[in-house]
There are 4 protein chains.
Amino acid sequence: MAIGGVLRPGHAQIRVMNLEEGIHFYGNVLGLQETGRDAQGRVYFKAWDERDHSSVVIREADRAGIDHFAFKVQSKSVLSKLDSDLRAYGVNTEWVPAGEMLETGERVRFQVASGHMIELYADKGVVGNGLGMLNPEAWQPMAEKGIAPTRMDHCLLYGPDIEKVEALFRDVLGFYKVEHIVLEDDKTDLAIWLSCSIKAHDIAFVRHAVPGMLHHVSFLLDSWEKVLRAADLMSMNRVSIDIGPTRHGVTRGTTIYAFDPSGNRFETFAGGYQTYPDIPPIKWTMDEVGAAVFYHDRKLTPSFLEVVS
Amino acid sequence: MAIGGVLRPGHAQIRVMNLEEGIHFYGNVLGLQETGRDAQGRVYFKAWDERDHSSVVIREADRAGIDHFAFKVQSKSVLSKLDSDLRAYGVNTEWVPAGEMLETGERVRFQVASGHMIELYADKGVVGNGLGMLNPEAWQPMAEKGIAPTRMDHCLLYGPDIEKVEALFRDVLGFYKVEHIVLEDDKTDLAIWLSCSIKAHDIAFVRHAVPGMLHHVSFLLDSWEKVLRAADLMSMNRVSIDIGPTRHGVTRGTTIYAFDPSGNRFETFAGGYQTYPDIPPIKWTMDEVGAAVFYHDRKLTPSFLEVVS
Amino acid sequence: MAIGGVLRPGHAQIRVMNLEEGIHFYGNVLGLQETGRDAQGRVYFKAWDERDHSSVVIREADRAGIDHFAFKVQSKSVLSKLDSDLRAYGVNTEWVPAGEMLETGERVRFQVASGHMIELYADKGVVGNGLGMLNPEAWQPMAEKGIAPTRMDHCLLYGPDIEKVEALFRDVLGFYKVEHIVLEDDKTDLAIWLSCSIKAHDIAFVRHAVPGMLHHVSFLLDSWEKVLRAADLMSMNRVSIDIGPTRHGVTRGTTIYAFDPSGNRFETFAGGYQTYPDIPPIKWTMDEVGAAVFYHDRKLTPSFLEVVS
Amino acid sequence: MAIGGVLRPGHAQIRVMNLEEGIHFYGNVLGLQETGRDAQGRVYFKAWDERDHSSVVIREADRAGIDHFAFKVQSKSVLSKLDSDLRAYGVNTEWVPAGEMLETGERVRFQVASGHMIELYADKGVVGNGLGMLNPEAWQPMAEKGIAPTRMDHCLLYGPDIEKVEALFRDVLGFYKVEHIVLEDDKTDLAIWLSCSIKAHDIAFVRHAVPGMLHHVSFLLDSWEKVLRAADLMSMNRVSIDIGPTRHGVTRGTTIYAFDPSGNRFETFAGGYQTYPDIPPIKWTMDEVGAAVFYHDRKLTPSFLEVVS
């Protein structure tokens, strides 16, 4: 097997303060495609080039943030095996029944040391990307509705004990560390970027006192020119931009950070290198933490470290 | 394990008719970095963002073409396991000793039904990408020397019995089929694109009467603008362009096909979607084979099917 | 006065074989904005970032081609002055009354030696670019409807006696020659590119036995990535592409040539250098005529010289 | 005459605090080509695609800033005519003899109400862009040495009485106003952008209490991707970036502002629309001044208004 086990980020469930505002933002501004609403009032979206039913689920709540971040695994047997492995590792897992989320099979849910709820699932209804599987065109009108990322790509979560999170993702879920920022003691990681593929990150964590916080969910664009288009659309829609367009030192991706109407940060990015598990992690030190995060300015903005939801 | 087993295309050994001409072309025009020459007279190159010692090896010969195409696997134990699996599958394998190629560990070599020599190896000396592993810059001068692809990405091989090749790559090496072109009988594949990662292709085959032929080795560029720059440099260096800049229907990548001085076709490309093994293969039919290969013109050129080395 | 006199290409009146087909093509595929229809059955279009009423006018006819190409001049007094200058130069001019074309003031019409009808006018109704003149956004939805060029930019016309045309445009209208291709006799121009601004061309001519022929009308795009998008949309809409995406040696512009449903060639292009009248013309010789026209392939296609409408 | 009179920005003479540092910055980091040094110790540079001898001249001084900004005019007779016109307008002019600057003919120098020294000249030695005038390639290695703008494009100057400056540029030099920001009184301009061509600006002024100040000299890049490359090179060379990459609302250009080692701000930019003198100026009001300057963030940074040299 070359690629298998945990395949990719599957969906993020995000809390918004006002559902209608959230539907407008994720549907018309970010340009995701609404694929359903459930009895709980949750609204489901997918990016245009995704084939599965949903990658972003929003629900109305009193405060912003992320409920859980889920990965799609290769098969039901892999799901069972990973559940066993998690339990053997000492993690309490819970099975959420199929159908609790629209078009989504049973999920294995567990909390990691940083306080975040992570889920695994093997099945999600296929709605396709609108191009069909026979002689497809290269893209379609949905690719130009709003910012229109091609995929939900990864998330960055803030919380404590990220070395424990790294160990679990590495030892049980098969991720590897691609880059990290090391504190002045030269041994404690401030931030880690983890991959289950050849992407420079499928999930990332920053050490933070408060558990379970969301820094951003990230969406993939095709090019630096699409990053410019995204920034233009943010301006036209009066989206609050945190920083960007710029480039990250970590991953080399080009990026914009901005906020949804509830204050959840999101990223639209393009590029970044391909990597593999035989390459040791790239290390950043605190004297260059600015360049690690914002390559052009080479300095952190206060909001990057402080504002989470 | 999320990604493992066969990791990626490792190196291609290509025959050139005139070594000095080849060294100039691969080093100065394509812009690979020469990393060594061995006692046999072979010259080794790597793309600037690769970390391993070599990804293209050229040797002088009476006719152009490819000697073998090699994949890097995760570890020595994976290499042994794959050797056993290949033998169990009925494939004759040969162990090439470490050091037969510069900085390269022992290789498992075998022939596939299309007549091509495929190799697997676990170890290659690390020379790095010139940026270091500590607080790296985003790129470096080598990224602008010649066409300067970031990586050797994949190859397309022509030969018979590609359904047998597909079965071996799928069943033993863990690849999956991403796209295929089906002949008028609606069951025989004319062409197959196979992935061991989330790339739209790590290797591809086209059915052809003559075994062991090379259609092209492909090199990755960062963007459509770099594709333009590559075309400009080809013109300045009087490189013979087969077709492009254009886009493929298959993989959606943007591309140029051109020839090295010996007539070996190569590709410089950018883009293409991310894919996963849970997505069924995209199918193309012969009435749209033109769009499959050259999306803009929607028709094949004679040279695409006929000219191989 | 720094810029004045003849300001810019204003409109092209193009013959199409089927009006409905033409309306669909120019409106939905090329993505111009329809701005009116007149009693003669002509349909008027403008590119999204143009402010004047119309830059492309189509009318149904038995054969394709161009009726006339018009330039906007600075003012009515300039129009009168140019009419006098033309007559003094020995050119027969005709005044077409205001209103003969929708929202267009009186036009001075004359035939040049290549057999083409050229017009000058000073007034055209302003409809704006949809962004307003107060605190405008950077672009608007029309910028993504179809290929959506920003402007009609120039045309290339085929006919005899282009040295006489050049003299008239230079001596009376104030244009200057930016580039030219010289025949093997080293004195006769095969092709000339003329500018009345700092654009590398506002109009161009190729020597051709048949007078009054159209090679292409050209439309401006913002970037090489928009050229790719245009090629994609041409494929999706089954537009017949002549050549491209590629780059011209002349002007350095990146380009696609394609045909409207009636066989009128059009160009969508981006880039090209800025130039000024103090720079002498760049000269191309016939041994490099391929590179002059198609910089990447460095050879002419037969259709470039032969297919005109 | 279509284009004539004042043709374009010709050169800027900039004061640097340390000449060697300046030579390194303008030559290796910004990537201009050094074309000479004179007896006064001034060092001359041109951008790679310019053909005239020099467009940036630096001299060592105790404080940063701009000595003068010069425009090239069409001919000596135009130069004489403009001198007469300026004197008739009440402006004191001074003739600087030919040769006072290397390869530069006689210059007409005068001070405008904002306190800046403006110069006009008709002659400058031609050194070419390195591509020749016969069958040129599309670009050359200098196009990738450092940031490597194609041209020095315009400047933005800070000083008082900009309505008087506008009147002089309009009434005597033939410029027209393209955009302006109007103060809360709805009649006083805070900023004006003036063109003598079809560029969105050839020079611009911001109202400021202190006369003769430099906000920035601006250099043209080919594309938004070149803007990214410029930002990357600024980071690699530890250039202090003021803001960007981003887009301006005014002109729509994409941009980075940064500082030379002496604190002179410069801009590297791409894009911006084409405009003509028959289009009335676009107006911005103070409630949208943020979007006028920095379109994405829609707010001014303090440094934009305060830091000048």
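## Strands of chain D

D:Ala191 of chain D has D:Val206, in β12(D), as its bridge partner. This is a predicted model: local features need pLDDT of at least 70, side-chain atom pairs count only at pLDDT 80 or more, and totals for chains, interfaces and linings use all residues. Residues are numbered from 1 along each chain as its sequence is written, while chains are lettered from A and ligands numbered from 1 in the order in which they are written. Helices (H or I, at least four residues) and strands (E, at least two) are DSSP runs, numbered from the N terminus. Two strands pair if DSSP finds at least two bridges between them.

Strand β11 (residues 189-195) of chain D has partners on record here in β12(D) and β10(D). With β12 (residues 203-207) of chain D, β11(D) runs antiparallel, joined by 4 bridges. With β10 (residues 176-182) of chain D, the sense is again antiparallel, over 6 bridges. In that pairing, D:His180 is matched by D:Ile192 in β11(D). β10(D) and β11(D) form a hairpin with 6 residues between them. In its turn, D:Asp186 has a positive phi of about 65°.

How many of the 7 residues of β11(D) are buried? The count is 6, so β11(D) is largely enclosed by the rest of the structure. A residue is buried if 20 or more other C-beta atoms lie within 10 Å of its own, exposed if 12 or fewer, and partly exposed in between; these C-beta atoms are placed from the backbone.

## β1 in chain B

Strand β1 (residues 6-16) of chain B is mostly covered, with 10 of its 11 residues buried. β1(B) pairs with β5 (residues 65-73) of chain B in the antiparallel sense, over 8 bridges. β1(B) also pairs with β4 (residues 56-60) of chain B, here parallel, through 5 bridges.

B:Ala12 appears in both pairings: B:Phe69 stands opposite in β5(B), and B:Val56 is the bridge partner in β4(B). Strands of a sheet pair through backbone hydrogen bonds, either parallel or antiparallel.

## The sheet of chain A

Chain A has an open sheet of 8 strands with mixed pairing. Its order is β2-β3-β4-β1-β5-β8-β7-β6. β2 (33-37) and β6 (94-96) of chain A stand at the edges. Each has a single partner strand, so one side of each is left without a neighbour in the sheet. Neighbouring strands of this sheet are turned by 25° against each other on average, direction ignored.

At the β6(A) edge, 3 bridges lead to β7 (residues 107-111) of chain A, in antiparallel sense. A:Trp95 has A:Val108 in β7(A) as its bridge partner. Helix α2 (residues 76-88) of chain A packs on the sheet, touching β5 (65-73), β7 and β8 (117-121) of chain A. The direction of α2(A) makes about 25° with that of β7(A). Axes are lines fitted to C-alpha atoms, for helices over the stretch in contact, and angles run from 0 to 180 degrees between N-to-C directions.

## Domains of chain A

The domain assignment, automatic or from a database, gives domain 1 (6-144) and domain 2 (151-306) in chain A. Their C-alpha centres lie 20 Å apart. 32 residues of domain 1 of chain A are in contact with 36 residues of domain 2 of chain A. Contact means that the C-beta atoms of two residues, placed from the backbone, lie within 7 Å.

On the domain 1 side, β1 (6-16), α1 (19-29), β5 and α2 of chain A each supply at least two residues. The largest share, 6 residues, comes from β1(A). By class, that side has 20 nonpolar, 7 polar and 5 charged residues. Ala, Val, Leu, Ile, Met, Phe, Trp, Tyr, Cys and Pro count as nonpolar, Asp, Glu, Lys and Arg as charged, and the others, Gly among them, as polar.

## Contacts between chains

Chains A and B each give 44 residues to their contact. On the side of chain A, β1 and β17 (282-285) each supply at least two residues. β17(A) gives the largest share, 4 residues. That side divides into 23 nonpolar, 11 polar and 10 charged residues.

The contact of chains B and D takes 8 residues from each. The side of chain B has 3 nonpolar, 1 polar and 4 charged residues. 100% of the interface residues of chain B are also interface residues in chain D, so the copies meet through the same surface.

A rotation of 180° with 0.0 Å of shift along its axis superposes chain B on chain D (RMSD 0.0 Å). The two copies are thus related as by a two-fold rotation axis. The superposition is by least squares on the C-alpha atoms of residues with pLDDT of at least 70 in both copies.
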